[in-house]
Amino acid sequence: WLRPRWRQLEGPSGAVTGGPRVIQVLVALADAKGTVLSREDMLQTCWDGRIVGDDAINRAVAEARKILLATGADFEIETIPRVGYRLNGLDFRDGPGPNAEVQPQSIGRRRLVVGGIA
């Protein structure tokens, strides 16, 4: 479960709180529903178009990966060289919209839940 309001990702191994930018990166990747999110798209979505260096994106993605590992999530952030990033290992078919809150479908597959901000 991804709970942006509380800046938390919860998985089989427990819940981990992340920084606001890291959670924004996870939300943006979830909203992309398995398609590649370019670095430029991430800048627009997560940094509101501010000019930041590649290091800022790299740090946020690295921290998001650490959170996924710590929670035991069975999906990952895949790097598409010279293009961007996407979530790998989730089934987005027939899934709810990005603001729905849902529990995982099964033990083998997890759905990323993006809770809307009330």
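Two strands pair if DSSP finds at least two bridges between them. Helices (H or I, at least four residues) and strands (E, at least two) are DSSP runs, numbered from the N terminus.

This is a predicted model, where local features need pLDDT of at least 70 and side-chain atom pairs count only at pLDDT 80 or more, while totals for chains, interfaces and linings use all residues. Residues are numbered from 1 along each chain as its sequence is written, and side-chain values use heavy atoms, with hydrogens and water left out.

**Exercise 1. Work out how the sheet with E4, E5 and E6 is put together.**

Step 1: Get the overall list. The protein has 3 helices and 6 strands, and along the sequence they follow the pattern β-β-β-α-β-α-α-β-β.

Step 2: Find the order. Three of the strands make an open sheet, E4-E6-E5, with antiparallel pairing. E4 (37-38) and E5 (76-80) stand at the edges with a single partner strand each, so one side of each has no neighbour in the sheet.

Step 3: Check the pairings. E5 is joined to E6 (residues 84-88) by 5 bridges. Look for Glu78 opposite Arg86, and for Glu76 with its bridge partner Asn88. On the other pairing, E4 and E6 share 2 bridges, and Ser38 stands opposite Gly84.

Step 4: Follow the chain from E5 to E6. The two form a hairpin with 3 residues between them, and Arg82 in the turn has a positive phi of about 60°.

**Exercise 2. Describe how H2 packs against H3.**

Step 1: Take the geometry. Axes are lines fitted to C-alpha atoms, for helices over the stretch in contact, and angles run from 0 to 180 degrees between N-to-C directions. H2 (residues 39-46) and H3 pack at about 80°, their axes 11 Å apart. That makes H2 roughly perpendicular to H3, a label for angles of 65 to 115 degrees.

Step 2: List who touches whom, with contact meaning heavy atoms within 4.5 Å. H2 brings Arg39, Met42 and Leu43, and H3 brings Asp54, Ile57, Asn58 and Val61.

Step 3: Sort them by type. You should get 4 nonpolar, 1 polar and 2 charged residues. Here Ala, Val, Leu, Ile, Met, Phe, Trp, Tyr, Cys and Pro count as nonpolar, Asp, Glu, Lys and Arg as charged, and the others, Gly among them, as polar.

**Exercise 3. Find the buried side of H2, then zoom in on Met42.**

Step 1: Pick out the buried residues (under 20% relative accessible area, with a 1.4 Å probe and protein chains only; exposed is over 50%, partly exposed in between). In H2 they are Met42, Leu43 and Cys46. They cover an arc of only 100° around the axis, which puts them on the same side of H2; the arc is that of the directions from the helix axis to the C-beta atoms.

Step 2: See what that side meets. The buried residues of H2 pack against H1, E4, H3 and E6.

Step 3: Zoom in. At 0% relative accessibility, Met42 counts as buried. Beyond its neighbours within four places in sequence, Met42 is in contact with Val25, Leu37, Trp47, Ile57, Val61 and Tyr85. Take Val25: Met42 and Val25 are 17 residues apart in sequence, yet 7.1 Å apart in space, C-alpha to C-alpha.

Step 4: Step past the helix end. Just after H2, Asp48 takes a positive phi of about 50°.

Definitions and conventions:
Parallel < 35°, antiparallel > 145°, perpendicular 65-115°, else oblique.
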